[in-house]
There are 2 protein chains.
Amino acid sequence: MKSIKTISFIGSGNVATQLATALFSKQFLIHQIYSKSIENATVLAEKVNADATSNISELNNKADIYIVSVTDDAIEQVLQQFTHKEKLIVHTSGTVEMDIFKTNGFVAYGIFYPLQTLSKTSPVDFTTIPFCIEAVSPTVFETLNQTAAQLSNRVYSINSIQRKHLHVAAVFACNFTNEMYQIASKICADNNLDFDILKPLILETANKILIKSPKEAQTGPAKRKDFKTIEKHIKLLENDIKTQELYTLITQHIINSTQN
Amino acid sequence: MKSIKTISFIGSGNVATQLATALFSKQFLIHQIYSKSIENATVLAEKVNADATSNISELNNKADIYIVSVTDDAIEQVLQQFTHKEKLIVHTSGTVEMDIFKTNGFVAYGIFYPLQTLSKTSPVDFTTIPFCIEAVSPTVFETLNQTAAQLSNRVYSINSIQRKHLHVAAVFACNFTNEMYQIASKICADNNLDFDILKPLILETANKILIKSPKEAQTGPAKRKDFKTIEKHIKLLENDIKTQELYTLITQHIINSTQN
């Protein structure tokens with residue numbers, strides 16, 4: 001299989017935007033951008049010198065690869081509508097199985113999943129972002145591997161089952177972690193405290209796991225089984241039942257996971 | 001009040017160890033270290049050129065300040081036993097009220113609370129660690145402020161009520177965040193995945209909140225209300241009911257906190 005030069009995107013969300021921009025900066029040609037919203041397609045297309053369309057049948061067969069980067073629920077539908085079944089195609093989802101391509105009539109396909117929290121606007125350094133690759137054949141794998149290696153020095157071979165679990169793990173490590181920050185930030189706001197006070201702690205907590213396992217790194221009242229403090233905290237949260245419930249459950253989880 | 005030169009520690013745990021070591025490196029004299037375990041007292045005393053004792057009545061009155069750094073539950077007892085009621089004394093707890101000194105007969109007291117996750121062994125750069133200071137009087141406040149300023153360029157005036165809430169916020173931002181890492185790490189181990197894959201994501205998630213609020217920074221299935229993915233994840237966690245329950249509750253919390 002020849003190496004990738006020309007790329008079209010199906011989707012123009014956070015992942016598509018960051019990926020297209022990064023690939024464009026590495027001298028790939030971005031050919032067409034499809035989105036059901038022509039406005040969104042156009043915003044991205046202008047950034048990467050591509051053509052925009054909101055009509056999937058206008059996607060031509062001139063790209064070497066088609067990167068599907070739409071919400072998980074929408075993947076099936078765009079695969080049904082996309083008619084160039086002979087072309088190399090991948091999606092960037094952490095959860096959708098690779099077999100979805102086969103059941104929609106494709107023959108050359110794979111997964112091209114950048115494991116990172118991507119927003120449309122924040123600039124991203126892809127160099128250290130892990131790419132999780134899976135492919136229908138060794139030839140396709142090698143092509144995807146080469147493409148990912150142009151962006152990142154961390155390319156992993158991850159099968160569909162592993163990828164699903166990895167995605168759950170990523171939800172804990174990223175989205176749920178961010179919700180802990182959100183709760184901390186709200187407690188600060190409610191008590192006239194500058195959230196900045198907590199930022200060194202947040203950074204240190206993240207940096208610690210580069211050298212220690214999370215289990216070794218754990219500190220605090222739950223780890224110490226300091227039930228007096230835990231009870232005080234639960235009482236302090238009595239005006240926010242949902243957060244209080246979370247406090248109790250995570251505390252219990254820490255007690256269970258650090259006792260072995 | 002004269003500025004601090006000589007310091008004795010009541011306690012030899014993580015916070016005492018890091019604080020004594022940092023103060024020692026800033027040319028403070030560390031005079032005595034008390035711990036109920038003479039082994040622990042000795043380990044720290046040897047690091048900071050101090051005397052060790054496991055008998056609290058052996059603490060003499062030659063220090064300018066006594067830093068109480070024992071578990072919250074033990075503070076009351078050591079304060080009862082410590083007889084030099086006229087001396088300047090502080091504790092380093094995030095939760096125990098300052099009034100505990102008054103009820104135990106002290107006159108010059110305050111709080112000297114470094115807001116960080118401290119282990120005995122990992123080296124710590126105190127420069128960016130926030131110190132939360134509270135004091136019985138403006139004079140004591142100024143003394144504590146000057147001492148903290150030798151270690152850190154982030155010294156905050158935080159009253160006892162604020163400090164309690166700040167401590168709960170810190171538990172979410174640090175201990176609970178670390179538990180999210182722990183869960184992610186366990187999911188990786190269970191599925192033959194290298195936890196290293198998630199580390200760039202963890203760092204990016206922490207670094208993001210330096211420039212965005214946690215609410216703005218949030219991504220993922222709960223934020224997108226992608227219930228199909230959420231259900232898949234819940235099913236994947238069916239062998240670990242406690243973690244599954246956490247997943248559901250935090251997802252619901254994100255949906256509530258991002259919808260406004």
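**Notebook: a predicted two-chain model**

I looked up B:T6 at the outset, and it counts as buried because its relative accessible area is 15%; buried means under 20% relative accessible area, exposed over 50%, and partly exposed in between, with a 1.4 Å probe and protein chains only.

I note that this is a predicted model, in which local features need pLDDT of at least 70 and side-chain atom pairs count only at pLDDT 80 or more, while totals for chains, interfaces and linings use all residues. Residues are numbered from 1 along each chain as its sequence is written, chains are lettered from A and ligands numbered from 1 in the order in which they are written, and side-chain values use heavy atoms, with hydrogens and water left out.

**Entry 1: B:T6 and its strand**

I placed B:T6 in strand β1 of chain B. Helices (H or I, at least four residues) and strands (E, at least two) are DSSP runs, numbered from the N terminus. I then listed the contacts of B:T6, where contact means heavy atoms within 4.5 Å. Not counting residues up to four places away in sequence, B:T6 touches B:L29, B:H31, B:K62, B:A63, B:D64 and B:I65.

**Entry 2: strand β4 of chain B**

I asked which residues of strand β4 of chain B are buried on each side. On one side of β4(B), which spans residues 65-68, I found B:I65 and B:I67, and on the other B:Y66 and B:V68; all are buried, and both faces of the strand are thus covered. I recalled that in a regular strand the side chains alternate between the two faces of the sheet.

I next looked up the partners of this strand; two strands pair if DSSP finds at least two bridges between them. Strand β1 (residues 6-10) of chain B runs parallel to β4(B), and four bridges join them. Within this pairing, B:S8 stands opposite B:Y66. Four bridges also join β4(B) to β5(B), residues 88-91, and these two strands run parallel. Here B:V68 stands opposite B:H91. From β4(B) the chain passes through helix α3 (residues 72-81) to β5(B) in a right-handed β-α-β crossover. Right-handed means that, with the strands pointing away from the viewer, the path from the first strand over the helix to the second runs clockwise.

**Entry 3: B:T147**

I located B:T147 in helix α5 (residues 138-151) of chain B. Is B:T147 buried or exposed? B:T147 counts as buried because its relative accessibility is 7%. Leaving aside neighbours within four places in sequence, I recorded contacts of B:T147 with B:I4, B:L23, B:F28 and B:F112.

**Entry 4: salt bridges**

I searched the whole structure for salt bridges and obtained twelve over all chains. The rule asks for a side-chain nitrogen of Lys or Arg within 4 Å of a carboxyl oxygen of Asp or Glu. Side chains of opposite charge can pair when their charged atoms come close.

One of these bridges joins the side chains of B:E97 and B:K164, at 2.6 Å from N to O. B:E97 lies in the loop between β5 and α4 (99-103) of chain B and B:K164 in helix α6, so that this pair links distant parts of the chain, 67 residues apart. B:E97 counts as partly exposed, at 39% relative accessibility.

A further bridge joins B:E134 and B:R163, at 3.3 Å from N to O. B:E134 is in strand β7 (residues 131-135) of chain B and B:R163 in helix α6 of chain B, 29 residues apart. Both B:E134 and B:R163 are buried.

In chain A, I found a bridge between the side chains of A:K235 and A:E238, at 3.5 Å from N to O. A:K235 is exposed, with a relative accessible area of 53%, whereas A:E238 is partly exposed, at 43%.

**Entry 5: where the chains meet**

How many residues does the contact take from each chain? I recorded 87 residues from chain B and 87 residues from chain A. The area buried between them is about 8700 Å², and carbon and sulfur atoms give 67% of this. Buried area is the accessible area (1.4 Å probe) that two parts lose on being put together, summed over both.

Between chain B and chain A, I counted zero salt bridges. Among the elements that give two or more residues to the side of chain B that touches chain A are α3, α6 (160-190) and α10 (241-258). Of these, α6(B) gives the most, with 25 residues.

**Entry 6: chain A as a whole**

I counted ten helices and eight strands in chain A. Of the 260 residues in chain A, 58% are buried.
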